[in-house]
Amino acid sequence: MPRFNIPVEEAQGPLVVGIDIGSGGTRAAVYDVSGRELGRLNHKESHEFTVADDGTSTIDADQIVEEIRASLAAVLTSSPLPGEVTAIGFDTFASSLVAVDAAGNALTPCITYADTRCHTQVDALAKTLDVEGVHERTGARLHSSYTAPRLAWLRETQPDVFARTTRFMALGEYAAFKLLGTPALGTASAAWSGMIDRRTGQYVPELLEAVGVDASAMGAALDPSDAIPVAGTPLAAEFPQLKNAVWLPVIGDGLAANLGIGALGEGTWGISTATSGAIRQLLSTQIPTLPRGLWAYRVDQQRSLVGSAMSDCGRVLDWCRNELAMPFEVSQTDTTSLFSAPVSAGTPLVIPFFSGERGTKWRGSSRAMFANVGASTTWQDMLRGAMEGVALSFLRIADQMREAGGEPEKIVLSGGMTGAIPGWLHLLSDALGAPIDHVAVSRSTMRGAAVMALEQAAPGVPVAEAPVLTHVEPVAAHQDYYRERLERFEKLADLA
C-alpha cells in the first residue's frame, strides 16, 4: 500500500504529530499541512492484549504511556524537523477503561473493547433500564463493549478496587494525564463509553445511578477545540520540540479511520474492511431520530459520527481460506473473475455471523448459516456466497444510513481484506447500488489523528486527497438480485 508521504525538504508547515494506539501497537508520525507523512519520520512499538478464556482482554496502561514516549522520541529526535510542531492528534482503540486512585496510579489494567467479562451485567442492566431509550439518548446500545456494564462488573467483582477508585479514565485520557498532568478526554472518546448524551455531551444520570458512579468520577468531554497547551508540562520538558504545540483530546479510532481515508464531510461514507467492517459518516449532531441499528458518537457541538459495524468481514475470508478446499494463498485464486461474474440464483445464501451479529440487530448469540448448498456446490460457489453475504451485511447497514443522512455523494473504502481480494468490490458496489473508491493510505487511523490536529493548526486548509487505487461502478441490472437476496437474508438471519 502506498505510504502517502512527502519528502522532508518539500514539506510545508505547520507540522503536526499523529499518535495512534491500536490493538497491535503504538504508532507516531510527523505530518505536514497536507496531511502527508514526512519522509520516514514514523515509528511503531508493538504490543499485544492479554486475553483469557473468561473473556479477559486487557493491556497495561503504563506500558502504553512508555510506548508513546518511545515513539515520540523516535520521530522527533532521529533527524531535524523542517519546521515547528504546532499540534498533536491522538487516537486509541475505542471503548477502554482504567480505574485510577487518588494518587493518579492505575488500579487496573486497561480493559479493552474486546473484553466480554461484563456480559452478565449487560443482561442485568437491560432489565432495569429502557434499552431503546438509552440507545436514542446516548447513540449506543447496552453491550459488553461499552463502559456502563464494565463499571457494574468492576463494582460487583472487585469491590475493593471500585471503592479505592477516584477516577474512571479512558486509555487516552490516562495517557494525557501521565504525559501532560491533565486527564484530557475527547468528546469523541467519551461518546464511545456509551454514557454521554449524544446531543448535550453530558453524562446520562440514569446510567451513572444504575452503575453506582458519581459524575465527578468520570472525565468531562472535551471538544477538539479544547486542546491542551504542551508548554509547561512534563511532555514539554522531555521533548522541547513540542513546547509550542497543543495536545488534542483523544478521539476513537473509528473517527480517525474516516478522517484518514478522506471521509471528512456529511456527503461521504467511509467504509472499513478489515477483520471487522463498518460504515461511518459525519453528520450534524442534531439527528432527530436515530435508526435502531446505528450508533451515533458525538464529536463536538456540530458533528456526530454515525454508522454501524459488523464483527465478521475479513474474518469471513479467513474462514473460507482455512475451511474450504481453496488455496490458502488467495493470490492463487482468480477472485477478479469470480466476483465479476454475472449473479446467479444458484449461489449459496450465507449469513456470515461467525462472531455474532452487531449491526443492525445486535444479537451476540447469532451464528453463521449457509443455505442453497447442494451436492454440486463448489468451493468457488461457497466463497462467492460468503462474500455476497458480507456485501449484504453492509447493505442492511447502508439502508439505515440512508434513513439517517440520505444518499451519499461519495463512498471511500479502505482495509486489508479489500487489499487481499480487490475484486470483491464488484459485489459490494452492486449491492449498495453506488460507486466506490478504494483508497490507499497506510496507517489511516494515525493519519486521521493528524488530520484532526490540522483542523486546529491550519483551519480551513484542505488536506491532500487520498490516492484512489480502484474506482468501481455498480451494475444496475444486479440490484434487484441483491434486494431479493436481502429479504431472504433477513429471514434466515432471524433464525441464526
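## Strands 2, 3 and 4

Strand 3 and strand 4 (residues 37-46) run antiparallel and are joined by 6 bridges. The model is a predicted one. The two strands form a hairpin, with 5 residues between them. In that turn, Gly-35 has a positive phi of about 80°. Arg-27 stands opposite Lys-44 of strand 4.

Strand 3 also pairs with strand 2 (residues 15-21). This pairing is antiparallel too, again with 6 bridges. A hairpin of 3 residues makes the connection from strand 2 to strand 3. Here Arg-27 of strand 3 has Asp-20 opposite. Arg-27 thus faces Asp-20 in one pairing and Lys-44 in the other. Strand 3 itself spans residues 25-31 and is mostly covered. Of its 7 residues, 6 are buried.

## A three-stranded sheet

Strands 5, 6 and 9 form an open sheet, in the order 5-6-9. The pairing is antiparallel. Strand 5 (50-51) and strand 9 (110-111) are the edge strands, and each pairs on one side only.

Strand 6 covers residues 57-59 and pairs with strand 9 over 2 bridges. One bridge partner is given by Thr-58, which is matched with Ile-111 in strand 9.

## The seven-stranded sheet

Another open sheet holds 7 strands. Their order is 18-19-17-16-22-23-24, and the pairing is mixed. Strand 18 (295-298) and strand 24 (468-472) stand at the edges. Each has a single partner strand, so one side of each lacks a neighbour in the sheet. From one strand to the next, the twist averages 25°.

Within this order, strand 22 is followed by strand 23. These two run parallel and are joined by 2 bridges. Leu-413 has His-438 of strand 23 as its bridge partner.

## The second largest pocket

Strands 22 and 23 also contribute to a pocket. Strand 22 (410-414) and strand 23 (436-439) each supply at least two residues to the lining of the second largest pocket. The space in this pocket is about 210 Å³.

The lining has 13 residues. Nearest the centre lie Ile-261, Gly-262, Lys-410, Glu-465 and Ala-466. By class, the lining residues are 8 nonpolar, 2 polar and 3 charged.

## Cysteines

How many disulfides does a search of the whole structure find? The search finds 0. Cys-118 is in no disulfide, and the nearest cysteine sulfur, that of Cys-110, is 13 Å away. Cys-118 is buried, at a relative accessible area of 2%.

Why is Cys-320 not bonded to Cys-313? The closest cysteine sulfur to that of Cys-320 is in Cys-313, and at 12 Å the two are too far apart for a bond. A disulfide here requires sulfur atoms within 2.5 Å. Cys-320 counts as buried as well, with 1% relative accessibility. Both residues fall under the 20% cut-off for burial: Cys-118 at 2% and Cys-320 at 1%.

Notes:
Residues are numbered from 1 along each chain as its sequence is written. This is a predicted model: local features need pLDDT of at least 70, side-chain atom pairs count only at pLDDT 80 or more; totals for chains, interfaces and linings use all residues. Side-chain values use heavy atoms; hydrogens and water are left out. On a 1 Å grid over the protein atoms alone, a cavity is a set of points where a 1.4 Å probe fits but cannot get out, and a pocket is an open set with protein on both sides within 12 Å along at least five of seven lines; lining residues have an atom within 4 Å of a point. Grid points are joined across faces, edges and corners, and a volume is the space filled by probe spheres set on the points. Helices (H or I, at least four residues) and strands (E, at least two) are DSSP runs, numbered from the N terminus. Ala, Val, Leu, Ile, Met, Phe, Trp, Tyr, Cys and Pro count as nonpolar, Asp, Glu, Lys and Arg as charged, and the others, Gly among them, as polar. Buried means under 20% relative accessible area, exposed over 50%, partly exposed in between (1.4 Å probe, protein chains only). Two strands pair if DSSP finds at least two bridges between them. Axes are lines fitted to C-alpha atoms, for helices over the stretch in contact, and angles run from 0 to 180 degrees between N-to-C directions.
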